[in-house]
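Open the model in your viewer and keep a selection tool at hand. The stops below go from one residue to its helix, then to the whole chain and its surface.

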Amino acid sequence: MERYARNFVRVSVGSFLLGVIMFSSLSQLNLSEEWKMFLGVGIMGAFTTMSAFSLEVFNILEGYQAMKGGTYIMVMVFFCVLAIYLGKLFNTVVLVKIL
């Protein structure tokens with residue numbers, strides 16, 4: 001279970017940072033499209049790799065734990081989308097005042 005928690009934290013933090021990066025135009029950070037792609041897709045993509053998530057789901061399902069696998073998928077997707085929204089919100093509320 002500890003492995004799943006580590007992946008959850010890594011992917012949630014990466015999703016938050018992805019939200020900050022991709023919505024940087026809402027604050028004075030205002031990264032260029034090239035930097036957004038490099039940092040968002042390149043760096044955050046490598047940090048949060050979908051393949052690690054997919055392998056974890058596969059391992060859960062291979063152990064015939066469909067309910068646990070389905071729950072893990074729903075929780076991860078929900079919290080990652082929420083983290084991206086919070087990253088966007090961070091740009092509009094916090095970074096606007098700091099920068």
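Does K36 count as buried or exposed? The model is a predicted one, and in it K36 has a relative accessibility of 6%, so K36 counts as buried.

**Stop 1: the pair E33 and K36**

Select E33 together with K36 and show the side chains. They meet in a salt bridge, with 3.4 Å from N to O. Side chains of opposite charge can pair when their charged atoms come close. E33 and K36 are 3 residues apart in helix α2, which means that about one helical turn separates them. The partners differ in cover: K36 is buried at 6%, while E33 is partly exposed because its relative accessible area is 48%. The structure holds 1 salt bridge.

**Stop 2: helix α2**

Extend the selection to residues 33-47, which form helix α2. This helix has 15 residues and covers 20 Å from its first C-alpha to its last, close to the 21 Å expected at 1.5 Å a residue. Now colour K36, G40 and M44, which are buried in α2. Where do these buried residues fall when α2 is seen down its axis? They lie within an arc of 35°, so they line one face of the helix. Part of the cover over the buried residues of α2 comes from α1 (2-22). Turn the view to the face pointing away from the buried side: the exposed residues E34 and A46 are carried there.

**Stop 3: V57 in α3**

Go next to V57, found in helix α3 (residues 50-62). V57 has a relative accessible area of 8%, so it is buried. Which residues does V57 touch, leaving aside those up to four places away in sequence? They are Y72 and I73. For a distance check, pick the C-alpha atoms of V57 and Y4: they are 9.7 Å apart, although these positions lie 53 residues apart along the chain.

**Stop 4: the loop after α3**

Select Y64, in the loop between α3 and α4. Its phi is near 60°, a positive value in a residue other than glycine. Most residues other than glycine have a negative phi. Y64 has a relative accessibility of 79% and therefore counts as exposed.

**Stop 5: α4 and the nonpolar patch**

Move on to L82 in helix α4 (residues 66-98). At 32% relative accessibility, L82 is classed as partly exposed. Which residues make the nonpolar surface patch that includes L82? Select V75, F78, F79, L82, Y85, L86, L89, V93, V94 and I98; together they make a patch of about 840 Å².

**Stop 6: the whole chain**

Clear the selection and show the cartoon. The secondary structure comes to 4 helices and 0 strands, and the order from the N terminus is α-α-α-α. Along its principal axes, the C-alpha trace spans about 50 × 25 × 20 Å. Of the 99 residues, 27% are buried. Among contacts with a separation of 6 or more, 71% are between residues 24 or more positions apart. Finally, switch to a surface display: the protein exposes about 6,400 Å², and carbon and sulfur atoms supply 74% of that area.

How values were computed: Residues numbered from 1 in each chain as written. Predicted model: local features only at pLDDT ≥ 70, side-chain atom pairs only at ≥ 80, totals over all residues. Heavy atoms only, no water. Patch = residues over 30% accessible without salt bridge, like charges linked within 9 Å, V, L, I, M, F, W, Y side chains within 5 Å. Areas by Shrake-Rupley, 256 points an atom, 1.4 Å probe, with all protein chains shown as cover. Salt bridge = Lys/Arg side-chain N within 4 Å of Asp/Glu carboxyl O. Helix = DSSP H or I, 4+ residues; strand = E, 2+ residues; numbered from the N terminus. Buried < 20%, exposed > 50% of the residue type's maximum accessible area, 1.4 Å probe, protein only. Contact = heavy atoms within 4.5 Å. Expected span 1.5 Å × (residues − 1). Arc of directions from axis to C-beta.
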